[in-house]
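Please open the model in your viewer and keep a selection panel at hand. The tour below proceeds stop by stop, saying at each one what to select and what is found there.

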Amino acid sequence: GTSLLLMRKWSTDGVHWSQFEIMAQTEYLSPSILWDGSKYQMWAIGYNLWNTEGTFIYQESSDGVHWTAPVPCSIGQIHSGIDIWHGAVSKYLGAYYLVYIDSEMQQVLYCSSEDGITFTEPKVIVDNGGYWLHLYRPALLFEKDAVTCFYGIVNQANQWYISSSSGSQVDTLSGLQENCI
């Protein structure tokens, strides 16, 4: 309860895996880690238990163990007091995309960045509208001619489901407009 351990396993064939190794000890939640061919890139969200609440940060590592100091990221015009619940960063065609849950509004939002530090104003992909108790951990999957946003939903009976929204580009995605469960 005093810190988060990032751990990894690796495989050359996807069947046989190494023992887990500790990559880092951190004070941030919901890490997104990408490998760009020469370094690891990590984005993560602050948490009140570790006095990092309201922050969204970026770090780099050449080995996955030794990380640079956290660099604060901005979303739109917001640099601190950021209210994110579980997000994920993806990279596609040279741009970074952050998709996350707004804690208060329970919406799935996304924004983009050219440098991975300064993100645009967020746009809504899924508006809960009170249909579900919670939305959970969204992620974007980019394919050749399509993009899909996967996200968890929790209904009023505390049943968990995975939902998705697909389209030809992020700007045209929209979530369910009513509770179909």
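Does Ala-69 count as buried or exposed? Keep in mind while looking that this is a predicted model. Select Ala-69, which you will find in the loop between strand 5 (56-61) and strand 6 (71-72); its relative accessibility is 56%, above the 50% cut-off, and therefore Ala-69 counts as exposed. If you display its surroundings and leave aside the neighbours within four places in sequence, Ala-69 is in contact with Tyr-58 and Gln-59. For a sense of scale, add Asn-128 to the selection: this residue is 59 places from Ala-69 along the chain, and the two C-alpha atoms are separated by 35 Å.

**The nonpolar cores**

Next, select Val-99, Val-108, Ile-125, Leu-135, Leu-140 and Cys-149, which, within the largest nonpolar core of 19 residues, touch the most other members. Colouring by strand helps here, since at least two residues of this core are supplied by each of strand 9 (95-102), strand 10 (107-113), strand 12 (123-127), strand 13 (134-143) and strand 14 (146-154).

Then centre the view on Leu-140 and show what surrounds this residue: beyond the residues up to four places away in sequence, Leu-140 touches Ser-90, Tyr-97, Val-99, Ile-125, Val-147, Thr-148, Cys-149 and Leu-173. From there, move to a second core, separate from the one just visited, which has 15 residues, among them Ile-45, Ile-75, Val-89 and Tyr-100.

**The salt bridges**

The last stops are the salt bridges, of which the structure holds 3. Begin with Arg-8 and Glu-21, whose side chains meet at 3.1 Å, taken from N to O; this pair links distant parts of the chain, with Arg-8 in strand 1 (residues 4-8) and Glu-21 in strand 2 (residues 21-26), 13 residues apart. Glu-21 has a relative accessibility of 28%, so this residue counts as partly exposed.

Now select Asp-36 and Lys-39, where the N to O distance of the salt bridge is 2.7 Å. Asp-36 counts as partly exposed because its relative accessibility is 33%, and Lys-39 is likewise partly exposed, at 22%.

Finish with Lys-123 and Asp-171, whose side chains form a salt bridge at 3.5 Å, N to O. This pair, too, links distant parts of the chain, since Lys-123 lies in strand 12 and Asp-171 in the segment after strand 15 (160-167), 48 residues apart. Lys-123 has a relative accessible area of 44% and is therefore partly exposed.

Conventions. Residues numbered from 1 in each chain as written. Predicted model: local features only at pLDDT ≥ 70, side-chain atom pairs only at ≥ 80, totals over all residues. Heavy atoms only, no water. Core = buried A, V, L, I, M, F, W, Y, C linked by side-chain atoms within 4.5 Å. Buried < 20%, exposed > 50% of the residue type's maximum accessible area, 1.4 Å probe, protein only. Helix = DSSP H or I, 4+ residues; strand = E, 2+ residues; numbered from the N terminus. Contact = heavy atoms within 4.5 Å. Salt bridge = Lys/Arg side-chain N within 4 Å of Asp/Glu carboxyl O.
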